[in-house]
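Visitor: I am new to this structure and would like to be guided through it. May I put some questions about its strands, cores and side-chain pairs?

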Amino acid sequence: MLKRALALAVLLTAPVVVGEPAQAAGTAIGPVTLAWADAEQTMVRITWTETTPVANTVGVPNVQPLGTTTVAQPNELVVEGRSFPKTAADGSQQIQVAGSDGTEALSAPFDSYVRPSSSFSLSFAAYNQLRWSLPADDAVDGTPDDPLDLPNHYSYHVDQGFDPNPFQWHDGMCTVTTTVSSTRTGVVPNPGRPFTLRVAAQNEWGQSAVAPRKVSMVPDVQVTAPGATPYGGTTTLTGHVDQNAMLITGKPPLCDERRRPLAQTTLIVHQRTSPQAPWTVVGTTRTGDDGNYRAVFRNPGPREYRVVVASHIDPAGIPVFGADSQTRSVRSVTRVVSAKFIQPTVNLGTQPQAYLWVDPAGSQKAALQFKNASGAWQGVAYKTLYAGRGILAFPWNRRGTTQFRWWVPATGAIGSTYSGVFTLTVR
């Protein structure tokens, strides 16, 4: 009994050892694989394996969630390729699949690179064509042969934004038209209105983020010209030039056309000898801050004239479509260089000598005229000029002061003209 009592006492005073329950095995998420889900390469299929079904969260770690699945759903998620965050060409990202029990796995690294288009350049290929172009994309792929790599192929989306109602202010967002090019250069014709221009490269990952650029245009060039000016003398053209420009305000941006003077801009004066002849350059002039201009040049004969604003990039980097003025015809009349008497005062009985010098210097047969007592012009005599000059001596027996003038006939295309009035006094 004693032994049994002692044994019982030892049993009662010894610590009780309890066995630990068996731990459940964690869910093992297997390889995360990526592949294009459609022939157009617009959707990406993400698949994975797991030893025990759990709910999953799929995304780019610390960047962007892409979606979730429940316990009952297949281990698959299909997402749009354009929903992935963009990477640099030498950058990369991975897809993470995380189980609701805390387990996770990563895909192989891949890039989602879209070439930037912010560097697209603009120039005028022709008078009414604005050329856009992008340099070759020489970026180096930092994840060659990743699961989603495709041949490097882009389309280029050219967006033009217009004021939806050019006759009202702050009335709406830009009305956008889009054309798509398969090449990295193209032209935009002059639509006759100002607009915004955006060129964005697009591939399977979407479009590059590009800010639009404004494009202005000259609606017309006003010009005033004299009907005729003396041959070899000066012809003066005057006029005014405006431009229509885009004003972008607010968020989302509103498009508004505005008209303002085309200030401090070079204009080109053209001339031609007939409607069938080619235009040639006379010279240039420049608008003032108010858009007004004045061009002065020599009259070389009858001509047609126009004033041209060439298409150009202004100092602010804004392309401006140019315009031509209407055609103005300026006739050319004989220029009287000098018309006078050799001696404007003579004694009675002395033959006065009337002198004439004209341009062009030909053999014109000029007529000397005087104003009679009735105030009408009356002929005295003709004088055939030599090299545009001549002196006519004639008898004149009237005392007092008399007004005279020369009439000079046309020479070819150079029109006839009268000289200014000059006087003779007979004592």
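Visitor: In which order do the three strands of the open sheet with S8, S9 and S12 stand?

Guide: This is a predicted model, in which local features need pLDDT of at least 70 and side-chain atom pairs count only at pLDDT 80 or more, while totals for chains, interfaces and linings use all residues. Residues are numbered from 1 along each chain as its sequence is written, and side-chain values use heavy atoms, with hydrogens and water left out. Strands are DSSP runs (E, at least two residues) numbered from the N terminus, and two of them pair if DSSP finds at least two bridges between them. The pairing here is antiparallel, and the order is S8-S9-S12.

Visitor: Which strands form the edges of this sheet?

Guide: An edge strand pairs on one side only. Strands of this sheet that are neighbours are turned against each other by 35° on average, direction ignored (axes are lines fitted to C-alpha atoms, and angles run from 0 to 180 degrees between N-to-C directions). The edge strands are S8 (121-126) and S12 (185-189).

Visitor: Which residue in S12 stands opposite Arg-131?

Guide: Strand S9 covers residues 129-133 and is joined to S12 by five bridges, the two running antiparallel. Opposite Arg-131 in S12 stands Val-187.

Visitor: Which strands stand at the edges of the open sheet S1-S2-S5?

Guide: This sheet is formed by three strands in antiparallel pairing, in the order S1-S2-S5. Each edge strand has a single partner, so one side of each is left without a neighbour in the sheet. The edges are S1 and S5.

Visitor: By what angle are neighbouring strands of that sheet turned against each other on average?

Guide: S1 and S2 pair in the antiparallel sense over four bridges, and Trp-36 stands opposite Val-44 in S2. For neighbouring strands of the sheet, the average angle, direction ignored, is 25°.

Visitor: Which strand supplies the largest share of the largest nonpolar core?

Guide: A nonpolar core is a set of buried Ala, Val, Leu, Ile, Met, Phe, Trp, Tyr and Cys residues joined through side-chain atoms within 4.5 Å; buried means under 20% relative accessible area, exposed over 50%, and partly exposed in between (1.4 Å probe, protein chains only). The largest core has 41 residues, of which Ile-46, Trp-48, Phe-84, Ile-95, Trp-132 and Leu-197 touch the most other members. Strands that each supply at least two residues include S1, S2, S5 and S9. The largest share, five residues, comes from S13.

Visitor: How many residues are in the other core, the one with Trp-406?

Guide: This core lies apart from the largest one. Among its members are Val-346, Leu-356, Leu-368 and Trp-406, and its residues number 18.

Visitor: With which residue does Glu-76 meet in a salt bridge?

Guide: A salt bridge is a side-chain nitrogen of Lys or Arg within 4 Å of a carboxyl oxygen of Asp or Glu, and by this rule the count comes to eight. The pair in question links distant parts of the chain, strand S5 and strand S2, 31 residues apart. Glu-76 is partly exposed at 36% relative accessible area. Its partner, at 3.4 Å from N to O, is Arg-45.

Visitor: Is Asp-242, the partner of Arg-259, buried or exposed?

Guide: The side chains of Arg-259 and Asp-242 meet in a salt bridge of 3.0 Å, N to O, and a network of salt bridges links both with Asp-220. Arg-259 counts as partly exposed at 46% relative accessibility. Asp-242, because its relative accessible area is 12%, is buried.

Visitor: What kind of aromatic pair do Phe-162 and Phe-195 form?

Guide: Rings of Phe, Tyr and Trp (its six-membered ring) pair if their centres lie within 6.5 Å; planes under 30 degrees apart count as stacked, over 60 as edge-to-face and the rest as tilted. The structure holds 18 such pairs. Phe-162 and Phe-195 lie 5.8 Å apart, centre to centre, with 40° between the planes, so the pair counts as tilted.
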